[in-house]
Amino acid sequence: MAMCSTQLNSQFLSFFPAKPRFFVSIKATSASTPKDDDIPASIGFLGLGIMGTPMAQNLIKAGRDVTVWNRTKSKCEPLISLGAKYKSSPEEVAASCDVTFAMLADPESALDVACGKYGAAKGMSPGKGYVDVSTVDGETSKLICEQIRATGAHFLEAPVSGSKKPAEDGQLIFLTAGDEVLYEKVASLLDIMGKSRFYLGEVGNGAAMKLVVNMVMGSMMASFSEGLVLSEKVGLDPSVLVEVISQGAISAPMYALKGPSMVKSSYPTAFPLKHQQKDLRLALGLAESVSQPIPIAAATNELYKVAKSHGLSDQDFSAVIEALKVKLQQ
């Protein structure tokens, strides 16, 4: 798909020591199909959860040669039925593919899959590439990068902004950093899975951007939840509140999408609450590393921890509203 590019200010994120060039590419609506020669011939995909499965599926539907792996093999079966190949370890996937993507749940899993006993790094070699689309902290991303680059392969961190539905629709936003040569190599693949892609320079910048974005998102959801609970408590119709917000300056797609279900106490999982709390925890660590106070995010993190303690970890992150209901009932 053809892309249009815009240069961004290189003073972005001034607390990072490196100041490389940054740019954003957005999918063009009148895009032409890229030449097959520009796309890696074989693609690996590690981690087939809520996000990984639809992302890999979109690559398969686009006609790409995809090899998959997941700790629970049964999660690979639907993709195998669509034409994907299967390997029994990340090492085997990486060894058999030109480029390998990884979408894991947390830093520990991402590090283990990349650098563990049968990790992808053991299957990497010069000319190959590893693209980690997991949400992790910058230090974890740098550790993985070091192991991958030691094999002579290239590394790109590319965490995504977007949840289950954008992943299914190929409308994710990729926040990439690392080897620019690999960014250019996989650009057409990112375009299959997403609507836009940002290149942010040195490894760690993509991870930092994703944590900041998810910190804001988690805080927004907590504040929205407080509004819904308070409106009902004072005798207002929370459904009307959702409509009022949707027509004002603070309108946000997230509120319009989640609000109606939240009013009905329904939380179909698009982004698990436990992952939102994990990202808030990592954002707090990022802020601590540069001595930046983020008191709103800190308070928000505590609310998500309360929600987890009430068994809501696997519900959608909008279920954080239940933590407020519990507190009101006490």
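These legends go with a set of close-up views of a predicted model.

**View 1. The whole chain, before we zoom in.**
Let's start with the overall picture: the secondary structure adds up to 13 helices and 11 strands. The chain has 330 residues, and 50% of them count as buried. About 15,000 Å² of the chain is exposed, with carbon and sulfur atoms supplying 55% of that area. Now take the contacts between residues with a separation of 6 or more: 68% of them join residues 24 or more positions apart.

**View 2. Helix H7, a helix with a bend.**
Helix H7 covers residues 180-193, which makes 14 residues. From its first C-alpha to its last, H7 reaches 19 Å, close to the 20 Å expected at 1.5 Å a residue. Where does H7 bend? Look at Val-186, where the helix bends by about 55 degrees. H7 is also mostly covered, with 10 of its 14 residues buried. Among the buried ones are Leu-182, Tyr-183, Leu-189 and Ile-192, and Val-186, at the bend, is buried too.

**View 3. A salt bridge out of sight: Asp-191 and Arg-197.**
Stay with H7 for a moment, since Asp-191 is one of its buried residues. Side chains of opposite charge can pair when their charged atoms come close. Here Asp-191 forms a salt bridge with Arg-197, and their closest N and O atoms are 2.8 Å apart. Are these two partners buried or exposed? Asp-191 has a relative accessibility of just 2%, so it counts as buried. Arg-197 comes in at 5%, so it is buried as well.

**View 4. Two more salt bridges, Lys-278 with Asp-279 and Glu-302 with Lys-305.**
A search of the whole structure turns up 10 salt bridges, so here are two others to look at. Lys-278 and Asp-279 meet through their side chains, at 2.9 Å from N to O, and both residues are buried. Glu-302 pairs with Lys-305, with the closest N and O atoms 3.2 Å apart. How far apart are Glu-302 and Lys-305 along helix H12? They are three residues apart, so about one helical turn separates them. An α-helix has 3.6 residues a turn, so residues three or four places apart point the same way. Glu-302 is partly exposed because its relative accessibility is 42%, and Lys-305 is partly exposed at 37%.

**View 5. Thr-100, tucked into strand E6.**
Thr-100 sits in strand E6, which runs over residues 99-102. How buried is Thr-100? Its relative accessible area is 0%, so it counts as buried. Which residues is Thr-100 in contact with, once neighbours within four places in sequence are set aside? The list is Gly-44, Leu-46, Val-93, Ala-94, Gly-129, Tyr-130 and Val-131.

**View 6. Ile-321, in helix H13.**
Helix H13 spans residues 321-329, and Ile-321 belongs to it. At 2% relative accessibility, Ile-321 is buried. Not counting residues up to four places away in sequence, Ile-321 touches Ser-225, Leu-228, Val-229, Met-262 and Tyr-267. You can also find Tyr-304 from here: it is 17 residues from Ile-321 in sequence, and their C-alpha atoms are 9.1 Å apart in space.

**View 7. A nonpolar patch on the surface.**
Time to go outside. Leu-230, Val-234 and Leu-236 form a nonpolar patch on the surface, and together they have about 310 Å² of accessible area. Val-234 lies in the loop between helix H8 (205-233) and helix H9 (238-246). Is Val-234 buried or exposed? With 55% relative accessibility, it counts as exposed.

**View 8. Two serines with positive phi, Ser-265 and Ser-291.**
Ser-265 is not a glycine, yet its phi is positive, about 55 degrees. You'll find Ser-265 in the loop between helix H10 (253-263) and helix H11 (273-289). Its relative accessible area is 39%, so Ser-265 is partly exposed. Ser-291 is another residue other than glycine with a positive phi, near 55 degrees. Follow the chain to the loop between H11 and helix H12 (295-309) and there is Ser-291. Ser-291 has a relative accessible area of 65%, so it counts as exposed.

How values were computed:
Residues numbered from 1 in each chain as written. Predicted model: local features only at pLDDT ≥ 70, side-chain atom pairs only at ≥ 80, totals over all residues. Heavy atoms only, no water. Patch = residues over 30% accessible without salt bridge, like charges linked within 9 Å, V, L, I, M, F, W, Y side chains within 5 Å. Areas by Shrake-Rupley, 256 points an atom, 1.4 Å probe, with all protein chains shown as cover. Salt bridge = Lys/Arg side-chain N within 4 Å of Asp/Glu carboxyl O. Helix = DSSP H or I, 4+ residues; strand = E, 2+ residues; numbered from the N terminus. Buried < 20%, exposed > 50% of the residue type's maximum accessible area, 1.4 Å probe, protein only. Expected span 1.5 Å × (residues − 1). Bend = angle between axes of the 7 residues up to and from the residue. Contact = heavy atoms within 4.5 Å.
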